[in-house]
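Welcome! Please take a moment with the sequence and the model below before reading on.

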Amino acid sequence: MKNILAIYPGSFDPVTNGHLDLIERAAKIFDRLIVAVLRNLDKAPMFTLEERVEMLREATRPWANVEVDVFAGLLVDYAQKRNASIILRGIRAISDYEYELQMAMMNRKLGPNLETVFMIPAEAYSYLSSRLVREIARLGGPVEGLVPPAVEQRLRAKVF
Ligand code: PNS
C-alpha cells in the first residue's frame, strides 16, 4: 500500500479560503498533507511566522491527515527530510503558470524524485490572493468570505 505524503508550501500571509479549498481537495487525494510555512520571507510579512502557523492550525483542524509545519532553506531539502514525494501548488490562472512552471522545473532539477502536482481551486477563489487580502484589510475594506473568520478578526486587529 502506498502512503503518499504531499507538501503544500507557501508564505500563507495569511491563509485564505482559496488555500483552504485546495487543502480540502488535497486531503482527499493524498494520505497525508503537510502545509509548510516558509520561515524566511524576503519581504517583511504582515503576520509573524507564529501567527501564520496558528491561523493555519486553527483553520485546518477539520482534517485529521493535515499537519502544519515550518521550513527554512530549500524546499527540496525539507521534502527529503520529511520523506515527501509530492509538492502541491495551486494554480488560479494562466498568469500563475509561468512562475509555477519555472519553480517546478527547478525543483525537479534539485530533487528529481519529487513530483510537483498542480491543483485548481474553486472558481470563486480564482482571483483571491493573500496579497490582495492584506491590501483590502489595510485600506479598511471587507474581507468577509475571503478568509476564515479567525483570520478576519486578526486582520482587523492588525490594522486598527
Ligand atoms: O506562497 P508563495 O510565496 O508563492 O510560496 C513560495 C515558496 C515558499 C513555495 C517558494 O518561495 C519556496 O519554495 N521557497 C523555498 C526556497 C526554495 O526552495 N527555493 C527554490 C525554489 S525553485
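This report visits the ligand, the pockets and an unusual stretch of backbone in turn.

## Before you start

Keep in mind that this is a predicted model. Every value below was computed from its atoms.

## The ligand and its neighbours

A good place to begin is the ligand. It has 13 residues around it, and the closest are Gly-10, Ser-11, Gly-73, Leu-75 and Arg-89. Sorted by class, this shell holds eight nonpolar, four polar and one charged residues.

Three of the closest residues are worth finding in the viewer, starting with Ser-11. An N or O atom in the side chain of Ser-11 lies 2.5 Å from an oxygen atom of the ligand. For Arg-89, a side-chain N or O atom is 2.9 Å from an oxygen atom of the ligand. Leu-75 takes part through its backbone: a polar backbone atom of Leu-75 is 2.9 Å from a ligand oxygen. How much of the ligand does the protein cover? On its own the ligand has 550 Å² of accessible area, and the protein covers 73% of it.

## The largest pocket

Where does the ligand sit? You will find the ligand in the largest pocket. Strand S1 (5-10) and helix H4 (94-110) are the elements that give two or more residues to the shell around the ligand. The largest share of that shell comes from H4, with four residues.

Now look at the pocket itself. The largest pocket holds about 1400 Å³ of space. It is lined by 45 residues, and those closest to its centre are Gly-10, Ser-11, Arg-89, Tyr-99 and Glu-100. You have already met Gly-10, Ser-11 and Arg-89 among the residues closest to the ligand. Two or more lining residues come from each of S1, helix H1 (17-29), strand S4 (86-90), H4 and helix H5 (130-138). H4 gives the most to this lining, with nine residues. By class, the lining is made up of 22 nonpolar, 13 polar and 10 charged residues.

## The second largest pocket

There is another pocket to explore. The second largest pocket has a volume of about 170 Å³. Its lining consists of Val-76, Asp-77, Ala-79, Gln-80, Ala-84, Leu-110, Gly-111, Pro-112, Asn-113 and Leu-114.

Which element gives the largest share of this lining? That is helix H3 (residues 75-81), with four residues. Sorted by class, the lining of the second largest pocket has six nonpolar, three polar and one charged residues.

## An unusual loop

Finally, follow the backbone through the loop between S1 and H1, where both Phe-12 and Pro-14 lie. Phe-12 is not a glycine, although its phi is positive, at about 50°. A little further along, Asp-13 and Pro-14 are joined by a cis peptide bond, with omega about 0°.

The elements on either side of this loop should look familiar by now: S1 and H1 each give two or more residues to the lining of the largest pocket.

Conventions. Residues are numbered from 1 along each chain as its sequence is written. This is a predicted model: local features need pLDDT of at least 70, side-chain atom pairs count only at pLDDT 80 or more; totals for chains, interfaces and linings use all residues. Side-chain values use heavy atoms; hydrogens and water are left out. A residue is near a molecule or strand if one of its heavy atoms lies within 4 Å of it. A polar contact is a pair of N or O atoms within 3.5 Å; within protein, one must be able to donate a hydrogen and the other to accept it, and residues adjacent in sequence count only if both atoms are side-chain atoms. Accessible areas come from the Shrake-Rupley method with a 1.4 Å probe; for residues, only the protein chains shown count as cover. On a 1 Å grid over the protein atoms alone, a cavity is a set of points where a 1.4 Å probe fits but cannot get out, and a pocket is an open set with protein on both sides within 12 Å along at least five of seven lines; lining residues have an atom within 4 Å of a point. A molecule sits in a cavity or pocket if more than half of its atoms lie within 2 Å of its grid points. Ala, Val, Leu, Ile, Met, Phe, Trp, Tyr, Cys and Pro count as nonpolar, Asp, Glu, Lys and Arg as charged, and the others, Gly among them, as polar. Grid points are joined across faces, edges and corners, and a volume is the space filled by probe spheres set on the points.
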